[in-house]
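Trainee: I'd like a close look at just one part of this chain, the sheet. Could you walk me through how its strands are put together?

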Amino acid sequence: MTFRTQDGVSEQQFDEAVRSVGDFLAEQPGFLSRQVATVDTDGSRVDLVWWKNLDDARAAAESIRTDPRAASFMACLDPDSVRLSHARLTHAQPEQLPW
């Protein structure tokens, strides 16, 4: 997912909101790992979540919208900027990923 944060959201607020989703994600079937990055050139964000399969990813994307543990994270997002997509890994280096 790529997105921008709402105007007025501080880095501390955003960091806390990102962490608040951790328990939710850890409980989702097929969850492997998550990385959140900030693009240096424009401040947009990339939230990269790894799943065992596409069905698990889609199910989590649906349920996160209503889970109270994700409310503070969702409130940080500028809804007009959110772009959610799913991709299939086609190359990795090193070839052996940690999961």
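**A close look at the sheet**

Mentor: Let's start with one pair: phenylalanine 31 has tryptophan 51 as its bridge partner in E3. Keep in mind that this is a predicted model.

Now step back to the strands that hold those two residues. Strand E2 covers residues 31-38, and seven bridges join it to E3, with the two running antiparallel. Another spot to find along this pairing is glutamine 35, which stands opposite leucine 48 in E3. So how many residues lie between E2 and E3 in their hairpin? There are six, and one residue to look for in the turn is glycine 43, with a positive phi of about 80 degrees.

Next, look at the other strand that pairs with E3. Strand E1 takes in residues 2-3, and two bridges join it to E3, which spans residues 45-51. This pairing is antiparallel too. If you want a residue to click on, try threonine 2: its bridge partner in E3 is valine 46.

Put those pairings together and you get an open sheet of three strands, in the order E1-E3-E2, with antiparallel pairing. E1 and E2 stand at the edges with a single partner strand each, so one side of each has no neighbour in the sheet. While you're tracing a strand, here's a handy rule: in a regular strand, side chains alternate between the two faces of the sheet.

Where does the sheet fit in the whole chain? The chain has four helices besides its three strands. Reading from the N terminus, the order is β-α-α-β-β-α-α. You can see from that order that two helices come between the first strand and the second. Contacts across the chain are worth a mention here as well: of those between residues at least 6 apart in sequence, 62% join residues at least 24 apart.

Finally, zoom all the way out. The C-alpha atoms fill a box of roughly 40 × 30 × 20 Å along the principal axes. A compact globule of 99 residues would have a radius of gyration near 13 Å, and the chain's 14 Å agrees with that. Buried residues make up 28% of the 99. As for the outside, the accessible surface comes to about 6,900 Å², and 49% of that belongs to carbon and sulfur atoms.

Methods. Residues numbered from 1 in each chain as written. Predicted model: local features only at pLDDT ≥ 70, side-chain atom pairs only at ≥ 80, totals over all residues. Heavy atoms only, no water. Rg over C-alpha atoms; globule rule 2.2 N^0.38 Å. Buried < 20%, exposed > 50% of the residue type's maximum accessible area, 1.4 Å probe, protein only. Contact = heavy atoms within 4.5 Å. Areas by Shrake-Rupley, 256 points an atom, 1.4 Å probe, with all protein chains shown as cover. Pairing = 2+ DSSP bridges.
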